[in-house]
Amino acid sequence: MAADNIADYLDNALGGSTKFVVSVALDGGATTGKRAFLLQGHAVKHDVQAPFDDIVKIAVDVQASGGYQGGRWLAGPTTSAATANGGAVDSGLTNGGSTGGGLGHAHIIAERNVVTATLKVQHSTSGSTWADLITFTAATGRTFQRSTVAGTVKERVRGALTTLTEGATGGSLTWAVAFARGGSPKK
């Protein structure tokens, strides 16, 4: 990808008057169960340089508004051509999970011929029966969303792509979900 195309992509993804959603991968990448910082912010600046040999250097400075929350990746960037689930992330909590709800981030990073897609955060006590915790607004293209939920969050959580409507010639999308618990363990 040429440096100018990357700059255009960042302008489209980070520009505008709406706060954007950022999920930062820690601990070696955005894979299921790894730590994530979830924040909402404004792009302060970005710089794209293509000095030589197809090496592109990208730097983005983000001003977070309202701080950040530490959470976990429920599905790292995953490419799917059908509905799919991320791996279960066990909180290690007992006695029914945690109180105080939580915060979820959903990202559709890329899509090809997708009419609509729905991402969710689901939770479970046993890991065999899952209930919807957060349902993000159905997406029709690349997007990011942030949503909060109140109440109890069960011991295990996962990200899920629960609907994927493709165009006439098939399609796929690359998606990711992160979640941060609020509150404290149930007693």
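1. Arg72 as an entry point. Arg72 sits in strand 3, which covers residues 55-80. The model is a predicted one. With a relative accessible area of 36%, Arg72 is partly exposed, because that value lies between the 20% and 50% limits.

2. What surrounds Arg72. Leaving aside residues up to four places away in sequence, Arg72 touches Gly33, Lys34, Arg35, Ala36, Val89, Ala178 and Phe179. One of these neighbours, Gly33, also offers a polar atom: its backbone oxygen lies 3.2 Å from a polar atom of the Arg72 side chain. Thr31 is 41 residues from Arg72 in sequence. In space the C-alpha atoms of Arg72 and Thr31 are 8.9 Å apart.

3. The largest nonpolar core. This core holds 22 residues. Which members touch the most others? They are Leu119, Val121, Leu173 and Phe179. Two or more residues come from each of strand 3, strand 6 (102-112), strand 7 (114-124), strand 8 (131-135), strand 10 (156-166) and strand 11 (172-181). Phe179 is also on the contact list of Arg72.

4. Leu119 in detail. Beyond the residues up to four places away in sequence, Leu119 touches Ala106, His107, Ile108, Ile134, Thr135, Phe136, Ala160, Leu161, Trp175, Ala176 and Val177. Apart from the largest core lies another, of 8 residues. Its members include Leu103, Ala176, Ala178 and Ala180. Ala176 is thus named twice: as a contact of Leu119 and as a member of the 8-residue core. Ala178, another member of that core, is a contact of Arg72.

5. Salt bridge Arg35 to Asp27. The model has 3 salt bridges. One of them joins Arg35 and Asp27, with the closest N and O atoms 2.9 Å apart. Arg35 is partly exposed at 37% relative accessibility. Asp27 is partly exposed as well, at 40%. Arg35 is also among the residues touched by Arg72.

6. Salt bridge Asp90 to Arg156. Here the closest N and O atoms are 3.6 Å apart. The pair links distant parts of the chain, with Asp90 in strand 5 (residues 89-90) and Arg156 in strand 10. The two residues are 66 residues apart. Asp90 has a relative accessible area of 44% and is partly exposed. Arg156, at 22%, is partly exposed too.

7. Salt bridge Lys120 to Asp132. The side chains meet at 2.6 Å, N to O. Lys120 belongs to strand 7 and Asp132 to strand 8, so the bridge ties together parts 12 residues apart in sequence. Is Lys120 buried or exposed? Lys120 is buried, at 14% relative accessible area, because buried means under 20%. Its partner Asp132 is partly exposed, at 39%.

8. His105. This residue is found in strand 6. It is buried, with 0% relative accessibility. Which side chain does the His105 side chain meet in a polar contact? The partner is Ser23, at 2.8 Å. Not counting residues up to four places away in sequence, His105 touches Val21, Val22, Ser23, Leu38, Leu39, Phe136, Gln145, Arg146, Ala176, Val177 and Ala178. Of these, Ala176 and Ala178 are members of the 8-residue core.

9. Thr174. Strand 11 contains Thr174. The residue is buried, with a relative accessible area of 17%. Its side chain makes a polar contact with the side chain of Thr79, at 2.9 Å. The residues that Thr174 touches, apart from those up to four places away in sequence, are Pro77, Thr78, Thr79, His107, Ile108, Ile109 and Ala110. His107 and Ile108 also appear among the contacts of Leu119.

10. A nonpolar surface patch. Val56, Ile58, Val60 and Val62 make a nonpolar patch of about 260 Å² on the surface. Val62 lies in strand 3. It is partly exposed, with a relative accessible area of 33%. That value lets Val62 join the patch, because patch residues need over 30%. Strand 3 also carries Arg72 and gives two or more residues to the largest core.

Note on methods:
Residues are numbered from 1 along each chain as its sequence is written. This is a predicted model: local features need pLDDT of at least 70, side-chain atom pairs count only at pLDDT 80 or more; totals for chains, interfaces and linings use all residues. Side-chain values use heavy atoms; hydrogens and water are left out. Helices (H or I, at least four residues) and strands (E, at least two) are DSSP runs, numbered from the N terminus. Buried means under 20% relative accessible area, exposed over 50%, partly exposed in between (1.4 Å probe, protein chains only). Contact means heavy atoms within 4.5 Å. A polar contact is a pair of N or O atoms within 3.5 Å; within protein, one must be able to donate a hydrogen and the other to accept it, and residues adjacent in sequence count only if both atoms are side-chain atoms. A nonpolar core is a set of buried Ala, Val, Leu, Ile, Met, Phe, Trp, Tyr and Cys residues joined through side-chain atoms within 4.5 Å. A salt bridge is a side-chain nitrogen of Lys or Arg within 4 Å of a carboxyl oxygen of Asp or Glu. Patches are made of residues with over 30% relative accessible area and no salt bridge: like charges are joined within 9 Å, nonpolar side chains (Val, Leu, Ile, Met, Phe, Trp, Tyr) within 5 Å. Accessible areas come from the Shrake-Rupley method with a 1.4 Å probe; for residues, only the protein chains shown count as cover.
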